[in-house]
Structures are given as C-alpha cells and as structure tokens.
Amino acid sequence: MTTPVCTSASKAAAPVASYTPNARYATYSSFSSYVRARGPVLLRTARSLTANPSDAEDLLQTALTKTYVAWDRIEDHRALDGYVRRALLNTRTSQWRKRKVDEFACEELPEPETVPAPDPAEQQVLHDAMWRAVMKLPDRQRAMVVLRYYEDLSEAQTAEVLGVSVGTVKSAVSRALGKLREDPELSPVR
C-alpha cells in the first residue's frame, strides 16, 4: 500500500482556479526564484540518491513538481530544502519499490567497453597542484575563484557575498584564470 504525497490533489488544484492572475504569477515567481537559487544543491542531493545523472534530473523534476503543487500550503518557506529533500527521498523510495526487473537471460553478455579509470594518485597530485596555484593568487582574486568554482556560486551571488559589483567579479576572475593558465606547475595539465 502506498501513501500519496499529496493527500488531496483535487483540493490542492481547486484553489488554483480561483486565484487571480497576479497570485498565480507570484507563486510561480517565488517558486522559480527558489529553484534557480537552490537547484544545483538539490541536484547534488538527487545525484547522491541515484546512480545515473539522468535519473537524478528526473527525480529532482518530480520532487520539484510535488513541491510546486504544495507551494501555497507550505507554511515555513525557510524549511523548503528539507521539504524538497524529503520529496526526493520519498519519490526515490517509491521508484525503487515499483521498479521492474529488466534483466533477461541471454547467451552473450552485453559488456560495455571498459574505459580505464583515472589513477586516484594522479588526480590527487592534480588537485594539490591546482590548490597551490590558487593559493598563489592575491587574496581578493582567490576569494572570488573559490566562491565561483569551489563553492559553485553565480557571479551575482559572489558579488553579493563580497560586496562588489558583478563586473568586478567577472574581471577579477578573468585575471585570476589567466594567472592560473600561466602557472608553470599546471603546465602538464594542458
């Protein structure tokens, strides 16, 4: 027996018809702002629940659809990440329970071509070299590079955190990347 996520979808959909166009737009606007801001973090969560990146995207879309349907009923919008994560987990559990076995006995195994995995030691050496090169940058450029590429913030978010303009972030990051390209320690990577 499955428990529906939305106990009364018809009740949830009924008030939408009585909304004014401005109220519908406000709901959509606040939801789309939330998805733009938190989408990458939620996608990482979805990827941790599935083995396939495409399945993770589908899982996130399903969870966000459920969240959008319940958007006006969610009282505390500060707890949205928890709500979406719970929807991700519940949806993934439902998918797991409903999955069909698509395995068939055959005479020849369809083995994929194996691509040699990168050496973890080489990856660590590269990671360390990159971090040493980043640490050589001036403080301001280093902060912008770390926020943009290590913390995965947008240019606007980086500018807001540092209290500078977006143009300043763009130019400083461009100069920093130029310095990283010229770093002799990173030349084997190129």
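# Chatting through an all-helix model

Modeller: Let's start with α6: its buried residues pack against α5, α7 (155–162) and α8 (166–182). Keep in mind that this is a predicted model.

Colleague: Okay! Which residues of α6 are buried?

Modeller: They are Q141, R142, M144, V145, L147 and R148.

Colleague: Let me step back a bit. How many helices and strands does the protein chain have?

Modeller: There are 8 helices and 0 strands. Buried residues make up 25% of the 190 residues in the chain.

Colleague: And which residues have the most contacts inside the largest nonpolar core?

Modeller: Those are Y34, L42, A46, L60, L64, V84 and L88, in a core of 16 residues. The elements giving two or more residues to this core are α2 (21–49), α3 (53–69) and α4 (80–98). There is also another core lying apart from it, with 8 residues, among them A133, L137, V145 and L180.

Colleague: Back to L88 for a second. What is L88 in contact with, leaving aside its neighbours within four places in sequence?

Modeller: L88 touches L42, T45, A46, L49, L59, L60 and A63. As a rule of thumb, nonpolar side chains in soluble globular proteins tend to be buried together.

Colleague: New topic: salt bridges. How many are found in the whole structure?

Modeller: The search finds 7. One of the pairs is D152 with R44, where the closest N and O atoms are 3.8 Å apart. D152 sits in the loop between α6 and α7 while R44 is in helix α2, so this pair ties together parts that are 108 residues apart in sequence.

Colleague: Nice. Is D152 buried, partly exposed or exposed?

Modeller: D152 is partly exposed, with a relative accessible area of 43%. Its partner R44 is partly exposed too, at 45%. One more detail on D152: just after α6, this residue takes a positive phi of about 60 degrees.

Colleague: What does D183 form a salt bridge with?

Modeller: With K136, and the closest N and O atoms of that pair are 3.3 Å apart. D183 is in the segment after α8 and K136 is in helix α5, so to speak of sequence, they are 47 residues apart.

Colleague: Why does D183 count as buried?

Modeller: Because its relative accessibility is 7%, and buried means under 20%. K136, on the other hand, counts as exposed at 53%.

Colleague: Which residues are linked with these two in a network of salt bridges?

Modeller: R132 and E185 join K136 and D183 in that network.

Colleague: You listed R142 as buried earlier. What does R142 form a salt bridge with?

Modeller: With D139, and the closest N and O atoms are 2.4 Å apart. Both lie in helix α6, 3 residues apart, which is about one turn of the helix. An α-helix has 3.6 residues a turn, so residues three or four places apart point the same way. R142 is buried at 19% relative accessible area, whereas D139 counts as exposed at 56%.

Colleague: Last one, the surface. Which residues make the nonpolar patch?

Modeller: M130, W131, M135, Y149 and Y150 make it, and the patch covers about 470 Å². Two elements give two or more residues each, α5 (120–136) and α6 (139–150), and α5 gives the most, with 3 residues.

Colleague: Where is W131, and how exposed is that residue?

Modeller: W131 is in helix α5. With a relative accessible area of 35%, W131 is partly exposed.

Conventions
Residues numbered from 1 in each chain as written. Predicted model: local features only at pLDDT ≥ 70, side-chain atom pairs only at ≥ 80, totals over all residues. Heavy atoms only, no water. Patch = residues over 30% accessible without salt bridge, like charges linked within 9 Å, V, L, I, M, F, W, Y side chains within 5 Å. Areas by Shrake-Rupley, 256 points an atom, 1.4 Å probe, with all protein chains shown as cover. Salt bridge = Lys/Arg side-chain N within 4 Å of Asp/Glu carboxyl O. Helix = DSSP H or I, 4+ residues; strand = E, 2+ residues; numbered from the N terminus. Buried < 20%, exposed > 50% of the residue type's maximum accessible area, 1.4 Å probe, protein only. Contact = heavy atoms within 4.5 Å. Core = buried A, V, L, I, M, F, W, Y, C linked by side-chain atoms within 4.5 Å.
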